[in-house]
Amino acid sequence: MVITAADVNIADYIDHSLLNPLATTKDVELCCNQAIDCGFPAVCVYPVHVKKAVSILHTQKIKVATVIGFPTGATTPHVKLHEAQEATNYGAGELDVVINLGWLKSGKFDWIHKEIASICEETGIPVKAILETTRLTEEEKKVAAEICLDAGVSFLKTSTGWFGGATVEDVALLHRISKGRVGIKASGGIKDLESAIALIHAGATRLGTSRGVEIVRQQKDNVR
């Protein structure tokens with residue numbers, strides 16, 4: 001079945017992202033208020049902004065997500081775990097964690113598993129494992145996905161957006177590997193309704209984008 005813009009409420013899929021390093025407190029306030037207006041399920045901000053976002057959204061059903069080890073994944077396991085625990089203590093409801101890509105390339109699969117599993121277990125909140133699929137071979141994508149699934153993640157996420165974005169092919173691959181066990185978050189380069197719908201059709205259950213308001217507006221214009 002082909003999914004069209006008339007088949008879904010696109011706002012239900014969007015993690016409204018504010019990951020500009022230059023973002024101010026006013027930008028965070030705007031991001032959160034836009035999420036309220038549009039009915040997005042989550043906002044995604046840097047750890048330094050979690051407290052502010054939580055203070056604005058605490059009466060809403062909107063979750064505050066934050067990024068861990070972002071954007072390279074190359075910080076130590078101790079630092080990642082501390083960052084994740086601190087964010088959780090500040091009220092974050094979801095964690096988007098970048099896996100250690102150097103370890104993946106080096107075949108240190110047990111190290112990746114231990115790191116991700118410890119964050120899942122110690123925080124007790126949904127973890128989205130960021131695989132950075134544009135920098136991986138087909139086999140590495142499969143291995144990384146299986147490691148993260150076994151470690152207890154709630155989502156497989158394609159990209160940080162810093163090194164390329166989500167593709168329909170990668171979303172479809174992660175969807176096949178996960179077999180419905182976890183959500184699939186497509187992220188990076190999602191700028192319009194057409195690309196958003198294509199990713200949902202491929203299996204995405206969340207879309208990480210800073211263009212959510214524009215995409216919602218496009219859908220409203222499209223179905224008139």
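Let's start at Glu 132, which is found in the loop between E5 and H6. Those labels come from DSSP runs, numbered from the N terminus, with helices being H or I runs of at least four residues and strands being E runs of at least two. Glu 132 is not a glycine, yet its phi is positive, about 55°. Is Glu 132 buried or exposed? Glu 132 counts as buried because its relative accessibility is 0%, where buried means under 20% relative accessible area, exposed over 50% and partly exposed in between, using a 1.4 Å probe and protein chains only.

Before going on, a word on what you're looking at. This is a predicted model, so local features need pLDDT of at least 70 and side-chain atom pairs count only at pLDDT 80 or more, while totals for chains, interfaces and linings use all residues. Residues are numbered from 1 along each chain as its sequence is written, and side-chain values use heavy atoms, with hydrogens and water left out.

Now the overall layout. Eight strands close into a barrel, in the order E1-E2-E3-E4-E5-E6-E7-E8, and the pairing is parallel. From one strand to the next, the twist averages 25°. Strands of a sheet pair through backbone hydrogen bonds, either parallel or antiparallel. Two strands are taken as paired here if DSSP finds at least two bridges between them.

You can walk part of the way round the barrel residue by residue. Strand E3 (residues 63-68) and strand E4 (residues 94-98) run parallel and are joined by four bridges, with Ile 68 standing opposite Val 97 in E4. Four bridges also join E4 to E5, again running parallel, and there Val 97 stands opposite Ala 129 in E5. E5 and E6 then pair in the parallel sense over three bridges, with Ile 130 opposite Lys 157 in E6. Strand E5 (residues 127-130) is covered on both faces: Val 127 and Ala 129 on one side, Lys 128 and Ile 130 on the other, are all buried.

Next come the helices. Helix H2 (residues 50-57) lies across E2 and E3 and runs at about 170° to E3. Angles like this run from 0 to 180 degrees between N-to-C directions, and the axes are lines fitted to C-alpha atoms, for helices over the stretch in contact. Contact means heavy atoms within 4.5 Å.

Helix H7 (residues 168-178) has a longer list of buried residues to look at: Asp 170, Val 171, Ala 172, Leu 173, Leu 174, Ile 177 and Ser 178. These buried residues pack against helix H6 (138-151), strand E6 (155-157), strand E7 (183-187) and helix H8 (193-202). Right after H7 comes Lys 179, in the loop between H7 and E7. Its phi is near 50°, a positive value in a residue other than glycine. Lys 179 counts as exposed because its relative accessibility is 69%.

In helix H6 you'll find Glu 140. Glu 140 is buried, with a relative accessible area of 16%. Which residues does Glu 140 touch, not counting those up to four places away in sequence? They are Leu 104, Lys 105 and Arg 135.

One more backbone detail: a cis peptide bond joins Phe 70 and Pro 71, with omega about 0°. Pro 71 is in the loop between E3 and helix H3 (77-89).

Over in strand E1 is His 16, buried with a relative accessible area of 3%. Leaving aside neighbours within four places in sequence, the contacts of His 16 include Cys 31, Phe 40, Val 43, Thr 209 and Ser 210.

Finally, the largest pocket. A pocket is an open set of points on a 1 Å grid over the protein atoms alone, where a 1.4 Å probe fits, with protein on both sides within 12 Å along at least five of seven lines; lining residues have an atom within 4 Å of a point. The largest pocket is lined by 18 residues, and Ser 17, Thr 160, Gly 188, Thr 209 and Ser 210 lie nearest its centre. Strand E1 (14-18) and strand E8 (206-209) are the elements that give two or more residues to this lining. The volume of the largest pocket is about 370 Å³, a volume being the space filled by probe spheres set on the points, which are joined across faces, edges and corners.
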